[in-house]
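Trainee: Could you take me through one part of this protein slowly? I would like to see how a single strand sits among its neighbours.

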Amino acid sequence: MKRLTALLSGLLPLGLIIGLNGCGGQEHPPGGQLEEVLPGPTKAVAVLHPTEGNDAYGTVTFTETPDGVEVVADVYNLEPGLHGFHIHEYGDCSEPDATSAGGHFAPMNREHGAPDDLDRHVGDLGNIMADSTGHGHYEETDTHLTMSGVNSIIGRGVIVHEGEDDLTTQPTGAAGARVACGVVGIDED
Ligand SMILES: [Cu+2]
Ligand SMILES: [Zn+2]
């Protein structure tokens with residue numbers, strides 16, 4: 001306990017110095033203003049790799065536009081048909097089935113929904129449609145995703161599912177197993 005007290009008293013002046021120098025004695029601007037001053041990245045990319053026992057792979061790009069974030073995905077080696085397509089909470093594809101990516105990215109604790117629902121997880125991008133060759137192309141501008149702030153997708157996971165997202169079932173859309181996983185990283189503008 002003596003040691004802890006000594007440690008704390010040693011740290012105290014340091015904290016005081018940081019506190020005084022931090023903002024030149026001025027108030028911090030509110031979060032929103034700070035985000036305006038320090039803009040986030042304008043382009044991001046996720047490279048999707050197949051999970052164990054699957055062959056699906058692809059690339060997703062995210063580009064900041066005046067209307068929202070434009071999402072363009074090309075995924076290959078899918079079964080023809082609809083596949084749930086989401087941003088998940090963690091940028092962790094380390095588990096063979098990609099469950100390490102966690103649930104849908106939902107910082108506001110809303111319900112699972114369709115991309116055009118007001119009440120939806122931030123990560124709810126709906127479905128990607130694969131053609132008869134197994135190629136799925138997705139191209140939408142999304143108003144929920146952002147590149148900075150609490151809804152920022154940077155460092156989050158991107159998952160393509162085996163089945164269709166029914167856009168209704170809570171909290172996953174019942175889209176089944178994860179066939180491809182990637183991590184959203186900052187890309188060159
Ligand atoms: Cu998902
Ligand atoms: Zn969801």
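Mentor: Let's look closely at strand β4 and then at what surrounds it.

A word on the ground rules: this is a predicted model, where local features need pLDDT of at least 70 and side-chain atom pairs count only at pLDDT 80 or more, while totals for chains, interfaces and linings use all residues. Residues are numbered from 1 along each chain as its sequence is written, and chains are lettered from A and ligands numbered from 1 in the order in which they are written.

First, the setting. The protein chain has two helices and nine strands (DSSP runs numbered from the N terminus, with H or I and at least four residues for a helix, E and at least two for a strand). Along the sequence, the pattern reads α-α-β-β-β-β-β-β-β-β-β. Of its 189 residues, 32% count as buried. Here, buried means that 20 or more other C-beta atoms lie within 10 Å of a residue's own, exposed means 12 or fewer, and partly exposed is in between, with C-beta atoms placed from the backbone.

Now to β4 itself, which covers residues 81-88. Six of its eight residues are buried, so the strand is largely enclosed by the rest of the structure.

Which strands pair with β4? Two strands pair if DSSP finds at least two bridges between them. With β5 (residues 124-130), β4 pairs in the antiparallel sense over five bridges, and there H83 stands opposite I128. With β7 (residues 157-161), the pairing is again antiparallel, over four bridges, and H88 has G157 as its bridge partner.

Next comes the nonpolar core, a set of buried Ala, Val, Leu, Ile, Met, Phe, Trp, Tyr and Cys residues joined through C-beta atoms within 7 Å. The largest one has 33 residues, and L48, F62, V75 and V160 touch the most other members. Strand β4 supplies at least two residues of this core, as do β1 (43-50), β2 (57-65), β3 (68-76), β5, β7 and β8 (178-183).

Take F62 as an example. Leaving out residues up to four places away in sequence, F62 touches K43, A44, V69, V71, L145, I153 and V184; contact means C-beta atoms, placed from the backbone, within 7 Å.

Finally, compare H135, in the loop between β5 and β6 (136-142). H135 is partly exposed, with 16 other C-beta atoms within 10 Å. With the same neighbours in sequence left out, H135 touches D74, Y76 and A130.

Methods: Two residues are in contact if their C-beta atoms, placed from the backbone, lie within 7 Å.
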